[in-house]
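Me: I'd like a close look at one part of this structure, the charged side chains that pair up. Please start there, then work outwards to whatever packs around that area.

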Amino acid sequence: MAIGTKTGERNRRVEYSPNLWHLNATLAARENCLAEALWYHEASLRADNAYLAQTLLSPDRLHSYARNNSRYIKILRRCGRVHDAISLARYAMSLPQYPQLGRFPIASRNWDIGRTELWKTLRDFELWDALLKESSTLILSPTSVPAERIHWLRMVGIALFQTGRLADGVACLN
């Protein structure tokens, strides 16, 4: 039942406001209250998902969706919830893309943030074997964009050196 229907007022609904949640999350993260920040970010993402379902919008068309996902992944990393951060980054990359935006390099903001956060998570927690495995799949495959290609070679080279495969690391960086 909508708000106000019992009293005979006209049918109103609570307006969509992710700022109500993500501002509290930002403040909690700033004060190092990470569990509270995670709770608020989850609430913000739930509000975003409900709004997307209600309006039938693509996640790329909602400006706050990618930003909230990015902040949520960063706080998950700060809490040490590495596998949750990795799965959310993969999820961000798998979201439907707006057809007029095309594919990488003009891909969606969600895809770009998911890819960036996945690289950072794998690097920061030194998950070199996982990084090498992901770099050979479509998730973190090399692209035709020169800057992305250099980043891919650098990250794979570091992972190869860190796993003791020095000859492969030198070959990758040359």
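Reply: One cut-off before we start: a residue is called buried if its relative accessible area is under 20%, exposed if the figure is over 50%, and partly exposed in between. Bear in mind too that this is a predicted model.

Let's begin with Arg 77. Its relative accessibility is 13%, and because the limit for buried is under 20%, Arg 77 counts as buried. Its partner is Glu 117: the two side chains form a salt bridge, with 2.5 Å from N to O. Glu 117 has a relative accessibility of just 3%, so it is buried as well. The pair ties together distant parts of the chain, 40 residues apart, with Arg 77 sitting in helix α3 (residues 63-79) and Glu 117 in helix α5 (residues 109-124). The two also have company, since Arg 123 and Asp 124 join Arg 77 and Glu 117 in a network of salt bridges.

The model has 7 salt bridges by the rule used here, and two others are worth setting beside that buried pair. Arg 81 and Asp 84 meet with 2.7 Å between N and O. Arg 81 is partly exposed at 34% relative accessibility, and Asp 84 is also partly exposed, with a relative accessible area of 34%. Then there is Arg 165 with Asp 168, where the closest N and O atoms are 3.4 Å apart. Here Arg 165 comes out at 41% and Asp 168 at 39%, which means that both fall in the partly exposed class.

Now for the nonpolar side of the story. Helix α5, the home of Glu 117, is among the elements that give two or more residues to the largest nonpolar core. That core has 30 residues, and Leu 118 and Leu 131 have the most contacts inside it. The other helices that put in two or more residues are α1 (19-30), α2 (34-55), α3, α4, α6 and α7. The top contributor is α4, with 6 residues. If you zoom in on Leu 118 and skip residues up to four places away in sequence, you'll find it touching Ile 86, Ala 89, Arg 90, Met 93, Ile 139 and Leu 140.

Helix α6 (residues 128-135) is a nice one to rotate on screen. Its buried residues are Trp 128, Leu 131, Leu 132, Glu 134 and Ser 135. They lie on the same side of α6, because they span an arc of only 165° around the axis. Turn to the other side of α6 and you meet Asp 129 and Lys 133, both exposed. The cover over the buried residues of α6 includes α4 (82-94), α5 and α7 (146-162).

Last stop, the surface. Phe 161, Leu 166, Val 170 and Leu 173 make a nonpolar surface patch of about 340 Å². Helix α8 (residues 166-173) gives the most to this patch, with 3 residues. Val 170 is located in α8, and its relative accessibility of 42% makes it partly exposed.

Note on methods. Residues numbered from 1 in each chain as written. Predicted model: local features only at pLDDT ≥ 70, side-chain atom pairs only at ≥ 80, totals over all residues. Heavy atoms only, no water. Salt bridge = Lys/Arg side-chain N within 4 Å of Asp/Glu carboxyl O. Helix = DSSP H or I, 4+ residues; strand = E, 2+ residues; numbered from the N terminus. Buried < 20%, exposed > 50% of the residue type's maximum accessible area, 1.4 Å probe, protein only. Arc of directions from axis to C-beta. Contact = heavy atoms within 4.5 Å. Core = buried A, V, L, I, M, F, W, Y, C linked by side-chain atoms within 4.5 Å. Patch = residues over 30% accessible without salt bridge, like charges linked within 9 Å, V, L, I, M, F, W, Y side chains within 5 Å. Areas by Shrake-Rupley, 256 points an atom, 1.4 Å probe, with all protein chains shown as cover.
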